[in-house]
Amino acid sequence: MIALTDDKGRLVWVSAVRPGRTSEITACRHDKLTAHLRAAGLGAIADLGFVGLDDSGPDTDLAVITGYKAAHNRPLTRGQKLSNKALAAVRAPVEHGFAHLKNWRVLGTVRTHPRWATALVRALLVLTNREVAR
């Protein structure tokens, strides 16, 4: 499941639930997330699990911004570390939004067809937004 929040950490959208073996990038590509973001004139800041998702050309504005990953033979430079730190600070409210969704303990025990799980998650999205707005 992929979820989008606004800059305050309020959940805005959740994708359809996919089997647990589906990677985050595969789910985003299946939902054409970058194309939808570009069409809406929006961008997203994502964690390191999404590195390589926005493989658009050099002349195209990025729709998804991620940090830098270190490799075994290539450590991060000081600038890359500072960039990762700045992105982490911006993403902090977003992580709070995900935490609110995860407060519904039923998500940890869902063992049903993805279609039914999607309906459950989208209902929880509405309930979460209602609880947070109180």
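This briefing covers the fold, the surface, the nonpolar cores and a set of individual residues of one protein chain. The model is predicted, and the chain averages a pLDDT of 83. Four helices and four strands make up its elements, and of its 134 residues 28% count as buried. The largest nonpolar core has twelve residues, and another core, of nine residues, lies apart from it.

**Confidence**

- A pLDDT of at least 70 is reached by 91% of the residues.
- Among the elements, strand β3 (residues 44-45) has the highest mean pLDDT, at 89.
- The lowest mean pLDDT among the elements, 76, belongs to helix α4 (residues 114-133).

**Fold and dimensions**

- The order of elements along the sequence is β-β-α-α-β-β-α-α.
- The C-alpha trace spans about 45 × 35 × 30 Å along its principal axes.
- Among contacts with a separation of 6 or more, 44% join residues that are 24 or more positions apart.

**Surface and charge**

- The accessible surface of the chain is about 9,400 Å², and carbon and sulfur atoms account for 57% of that area.
- There are 20 positive and 11 negative side chains.
- The centres of the positive and negative sets are 7 Å apart.

**Nonpolar cores**

- The largest nonpolar core consists of I2, I25, A27, C28, L33, L37, A44, A46, F50, L53, A63 and V64.
- Two elements, α1 (24-30) and α2 (33-40), each give two or more residues to this core.
- The most is given by α1, which supplies three residues.
- The other core, of nine residues, lies apart from this one and includes A3, L11, A117 and L125.
- A46, one of the residues of the largest core, is in contact with V64, I65, T66, G67 and R91, leaving aside its neighbours within four places in sequence.

**Loop between β2 and α1: S15 and A16**

- S15 sits in the loop between β2 (11-14) and α1, and A16 is found in the loop between β2 and α1 as well.
- S15 has a relative accessibility of 1%, so it counts as buried.
- A16 has a relative accessible area of 24% and is therefore partly exposed, since the buried class ends under 20%.
- Leaving aside neighbours within four places in sequence, S15 is in contact with M1, I2, D31, T118 and R122.
- A16 touches M1, T118 and R122, not counting residues up to four places away in sequence.
- A16 and V126 are 110 residues apart along the chain, and their C-alpha atoms are separated by 15 Å.

**Between α1 and α2: K32**

- K32 lies in the loop between α1 and α2.
- Its relative accessibility is 55%, so K32 counts as exposed.
- Phi of K32 is near 55°, which is a positive value in a residue other than glycine.
- Most residues other than glycine have a negative phi.

**Helix α2: T34 and A35**

- Helix α2 holds T34, and A35 lies in helix α2 too.
- T34 counts as buried because its relative accessibility is 18%, and buried means under 20%.
- A35 has a relative accessible area of 46%, so this residue is partly exposed.
- Leaving aside neighbours within four places in sequence, T34 is in contact with L53, D54, A63 and V64.
- Three of these partners, L53, A63 and V64, are residues of the largest nonpolar core.
- The C-alpha atoms of A35 and D54 are separated by 9.6 Å, with the two positions 19 residues apart along the chain taken as their separation.

**Loop between β3 and β4: D47**

- D47 is placed in the loop between β3 and β4 (64-65).
- With a relative accessible area of 30%, D47 is partly exposed.
- Not counting residues up to four places away in sequence, D47 touches E24, T66 and R91.
- T66 and R91 also appear among the contacts of A46.
- D47 and K32 are 15 residues apart in sequence, and C-alpha to C-alpha they are 18 Å apart in space.

Technical notes. Residues numbered from 1 in each chain as written. Predicted model: local features only at pLDDT ≥ 70, side-chain atom pairs only at ≥ 80, totals over all residues. Heavy atoms only, no water. pLDDT = per-residue confidence, 0-100. Buried < 20%, exposed > 50% of the residue type's maximum accessible area, 1.4 Å probe, protein only. Contact = heavy atoms within 4.5 Å. Areas by Shrake-Rupley, 256 points an atom, 1.4 Å probe, with all protein chains shown as cover. Lys, Arg positive; Asp, Glu negative; His and termini not counted. Charge placed at Lys NZ, Arg CZ, Asp CG, Glu CD. Core = buried A, V, L, I, M, F, W, Y, C linked by side-chain atoms within 4.5 Å.
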